[in-house]
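The exercises below ask you to work from the coordinates to a picture of how one strand sits in its fold. Please keep the sequence and the structure open while you go through each solution.

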Amino acid sequence: MKKAIHKDYLFKIYKRYSSELKILTKQIREDFPKFKKFRATFSDFDGEIMYCLIREIQPKVFFEISPDCGYSSIYITSALKKNRKGILYSFEIEKKKFGLNTEDLIKKNIENYKYSNHKIIIGDATITTPKFADPDIILIDSCHDKWFAKWY
């Protein structure tokens with residue numbers, strides 16, 4: 001069942017989880033220099049909203065399309081860990097980034113945010129995602145074209 005998300009709802013859940021976010025976002029910002037070596041285009045605000053939604057909705061299966069170097073994965077895995085449930089499937093098309101294996105790069109970048117139920121799948125998401133359980137939440141942080149969203 002799809003629900004519309006209104007700003008009042010976002011304000012309410014942001015307030016509910018603000019004490020958790022103060023600690024988490026501070027830790028992420030302290031760790032950020034290692035991401036500067038690579039890149040992080042997913043903002044802290046985006047991450048905080050995603051964190052609140054995950055904490056509130058309590059998804060069992062989460063799809064993250066194009067985690068890049070894993071910055072958004074930190075917020076997602078942190079919320080799932082706090083929920084004590086859920087699996088994150090991160091689908092990334094690029095096998096290598098900055099001369100490193102993408103999976104190794106993501107794992108290294110999120111090592112301080114250990115979450116054992118995180119699977120990184122390398123390949124085209126239009127081919128790889130159907131092999132997994134239907135997600136409760138999807139973050140599409142890649143192709144923002146209409147055809148891709150419609151396909152999803």
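A residue is called buried when its relative accessible area is under 20%, and exposed when that area is over 50%. The model is predicted.

**Exercise 1.** Determine which elements the chain contains and in what order they follow one another.

*Solution.* Begin with the assignment, which gives seven helices and six strands in the chain. Reading then from the N terminus, the elements run α-α-α-β-α-β-β-β-α-β-α-β-α.

**Exercise 2.** Find the strands with which E2 pairs, and state the sense of each pairing.

*Solution.* Consider E1 (residues 61-65), which runs parallel to E2 and is joined to it by five bridges; within this pairing, valine 61 has isoleucine 87 as its bridge partner. Then turn to E5 (residues 118-122), which also pairs with E2 in the parallel sense over five bridges, and here tyrosine 89 of E2 is the bridge partner of lysine 119. Finally, follow the connection between E1 and E2: together with helix H4 (residues 71-83), these strands make a right-handed β-α-β unit.

**Exercise 3.** Examine the two faces of E2 and decide whether their residues are buried or exposed.

*Solution.* Take one side, formed by Ile87, Tyr89 and Phe91, and apply the cut-off of under 20%: these residues are buried. Repeat the step for Leu88, Ser90 and Glu92 on the other side, which are buried as well, and both faces are therefore covered. Because six of the six residues of E2 (residues 87-92) are buried, the strand is largely enclosed by the rest of the structure. As background for this result, 45% of the 152 residues of the chain count as buried.

Note on methods
Residues are numbered from 1 along each chain as its sequence is written. This is a predicted model: local features need pLDDT of at least 70, side-chain atom pairs count only at pLDDT 80 or more; totals for chains, interfaces and linings use all residues. Side-chain values use heavy atoms; hydrogens and water are left out. Buried means under 20% relative accessible area, exposed over 50%, partly exposed in between (1.4 Å probe, protein chains only). Helices (H or I, at least four residues) and strands (E, at least two) are DSSP runs, numbered from the N terminus. Two strands pair if DSSP finds at least two bridges between them. A crossover is right-handed if, with the strands pointing away from the viewer, the path from the first strand over the helix to the second runs clockwise.
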